[in-house]
Amino acid sequence: MTQQGLITQDGLPPPQRRWAIATVALAIFLTVVDQTIVNVALPTIAADLNVEASSSVWIVNAYQVAIMLSLLPLSAVGDIFGYKRVYLAGLALFGIASLGCALAPSLLALTWMRVMQGLGAAGVMSVNMALVRFIHPINRLGHGIGINAVIIAVSAAAGPTIASSILAFAPWPWLFAIKVPIAIIAIAIGFYALPETPRATHPFDVVSAILSTITFGTLIAFLDGFSHPTPPMLIAAELALTLSAGFVLYRRQLRMVLPLLPVDLLRIPMFTLSISTSICSFLAQTLAFIALPFHLQAIGYSAVDIGLLMTPWPIATAIFAPISGKLSDRYPAGLLGLLGLAAFAAGLAALAILSERTGMSDVAWRMAIAGAGFGLYQSPNNRTIQASAPRTRSGGASGMQAMARLLGQTVGAALTALIFARFLRGAMVAVWFATGFAVIGAAVSALRLTDLPRPKD
């Protein structure tokens, strides 16, 4: 297929599209489940490797840090070498690293393999939405993004159950080994089904990649400093390095035609407002996800009860995400985002006022409202992030979308730790903070209802 043909093609033909969707579904399942499945197994892994719980946390942190540091550079690599190549290379590295995790004899070896896994997952996440944009016709893009949202919600909900099921019959290395054949199947299908996409002609900007790594690496260290006792001078130094490296990176990107940090896309009002909405929503979601189990425990529910009570949230998200995906092909994301995040905020506020007299059914419907609101907002917002950027900048848009999610989650986790340390009833306060950020997200989403200029494709 010619380069011009790649640009003008509106989605894949139906048979190939179905196989491409299957590849994306498997890849999303692997990377999302990996973030939740390991959390459940941490105590088991720590005991087996004979390490302290505080040290075992690096099994999770190494994965998250590797993803965040490499997302933007890999999205730029996708623009240059093609999204399909980066996607399949990321899947291959993820599969190899999963085997390495299964065979790891020590915490150090496991941590390094988790770093490799994170880099592989970043290869998938950085260009995932860019590929979705080329897989689906433009008039069905919202539907395609809705499918993604369902897979993410179901995978996140299934992670703890899958982990518990595997650990009931096999040792923890099987948590990683089981992913290897799935990765192989996804790669095999992907070679056939994933679309070839146009490639940029500019060289990879190594200096900007280094500056990006320093900026986001020190930002993570700065935020992490609030979750445990850290010398104030060290926190100040991390903040200073984050701001200085970020400023130099920003100034450098202004001179680039196709920047690694997509400041060109941030000049598009619709894109910037959608990214800001995403950060607020995931910040609120992370605050709530961390705080609600403690909040429910404080009013008398057991661990088993809490697991059941949290279930309506992802189920409601999985139900409403494809519905809102279809609606986003007909109605503006600003309106759907406003309604969804308003419902999300209402559900969170209802959860914040729980008391010892609240029955399980009352908790369940509040969880369902929060999940339904998040599902109603998410697909239209993701669609708008992609649709508001030119097709030639799909990689940058996809990378920024994933970065917005991770930034919201990282700041949300740090803010939760700070609230827990500063307030007596920290869990309840954190849920109120989550409500506030959901309200801010709704307000930002509403700004998209004004007449904003659209970019040329």
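These notebook entries record what I looked up in a predicted model.

**Entry 1. Helix 4 and helix 10**

I began with helix 4, residues 58–81, and helix 10, residues 206–224. Their axes lie 9 Å apart and the helices pack at an angle of about 150°. Angles over 145 degrees count as roughly antiparallel, so I recorded helix 4 as roughly antiparallel to helix 10. I noted the crossing of the two as right-handed.

I then listed the residues that make this contact. Helix 4 contributes V65, M68, L69, L72 and P73, and helix 10 contributes A209, S212, T213, F216, G217 and I220. By class, I entered eight nonpolar residues, three polar ones and no charged ones.

**Entry 2. Helix 18 and helix 19**

I turned next to helix 18, residues 394–422, and helix 19, residues 426–446. I found that their axes come within 8 Å and cross at roughly 140°. How are helix 18 and helix 19 oriented to each other? They are oblique, because an angle must be over 145 degrees to count as roughly antiparallel. The crossing of helix 18 and helix 19 is right-handed.

On the side of helix 18, I listed L415, I419 and F420 as contact residues. On the side of helix 19, I listed G426, A427, V429, A430, F433 and F437. The contact of helix 18 with helix 19 divides into eight nonpolar residues, one polar residue and no charged residue.

**Entry 3. Q117**

I looked up Q117 and placed it in helix 6, residues 107–135. Is Q117 buried or exposed? Its relative accessibility is 0%, so I entered Q117 as buried.

I found two polar contacts for its side chain. One is with the side chain of S98, at 2.8 Å. The other is with the side chain of R114, also listed at 2.8 Å. Leaving out residues up to four places away in sequence, I recorded that Q117 touches D34, Y63, F94, A97, S98, C101, F176 and K179. S98 thus appears both in this list and as a polar partner of Q117.

**Entry 4. M129**

I stayed in helix 6 for M129. Its relative accessible area is 8%, and I therefore noted M129 as buried. Which residues does M129 contact, apart from neighbours within four places in sequence? I listed I145, N148, Q386, S398 and Q401. I also checked N382, which is 253 residues from M129 in sequence. The C-alpha atoms of M129 and N382 are 8.3 Å apart in space.

**Entry 5. I385**

I placed I385 in helix 17, residues 360–387. I noted I385 as buried, because its relative accessible area is 0%. Setting aside residues up to four places away in sequence, I found that I385 touches F271, S274, I275, A397 and Q401. Q401 had also appeared among the contacts of M129. Between I385 and S398, 13 residues apart along the chain, I read a C-alpha separation of 8.1 Å.

**Entry 6. I166**

I located I166 in helix 7, residues 141–169. Its relative accessibility is 17%; the limit for buried is under 20%, and I166 therefore counts as buried. Apart from neighbours within four places in sequence, I166 is in contact with W174, L175 and I178. I also looked up its separation from G426, which lies 260 residues away along the chain. The C-alpha atoms of I166 and G426 are separated by 34 Å. I had already listed G426 in the contact of helix 19 with helix 18.

**Entry 7. T197**

I moved to a loop and found T197 between helix 9, residues 179–193, and helix 10. T197 has 3% relative accessibility and therefore counts as buried. What does the side chain of T197 reach at 3.5 Å? I recorded the backbone nitrogen of Y83.

**Entry 8. N50**

I closed with N50, in the loop between helix 2, residues 14–49, and helix 3, residues 53–56. Its relative accessible area is 72%, so I entered N50 as exposed. N50 is not a glycine, yet I found a positive phi of about 60° for this residue. I marked this value because most residues other than glycine have a negative phi.

How values were computed
Residues are numbered from 1 along each chain as its sequence is written. This is a predicted model: local features need pLDDT of at least 70, side-chain atom pairs count only at pLDDT 80 or more; totals for chains, interfaces and linings use all residues. Side-chain values use heavy atoms; hydrogens and water are left out. Axes are lines fitted to C-alpha atoms, for helices over the stretch in contact, and angles run from 0 to 180 degrees between N-to-C directions. Helices (H or I, at least four residues) and strands (E, at least two) are DSSP runs, numbered from the N terminus. Angles under 35 degrees count as roughly parallel, over 145 as roughly antiparallel, 65 to 115 as roughly perpendicular and the rest as oblique. A crossing is left-handed if the near helix is turned anticlockwise from the far one by less than a right angle, and right-handed if clockwise. Contact means heavy atoms within 4.5 Å. Ala, Val, Leu, Ile, Met, Phe, Trp, Tyr, Cys and Pro count as nonpolar, Asp, Glu, Lys and Arg as charged, and the others, Gly among them, as polar. Buried means under 20% relative accessible area, exposed over 50%, partly exposed in between (1.4 Å probe, protein chains only). A polar contact is a pair of N or O atoms within 3.5 Å; within protein, one must be able to donate a hydrogen and the other to accept it, and residues adjacent in sequence count only if both atoms are side-chain atoms.
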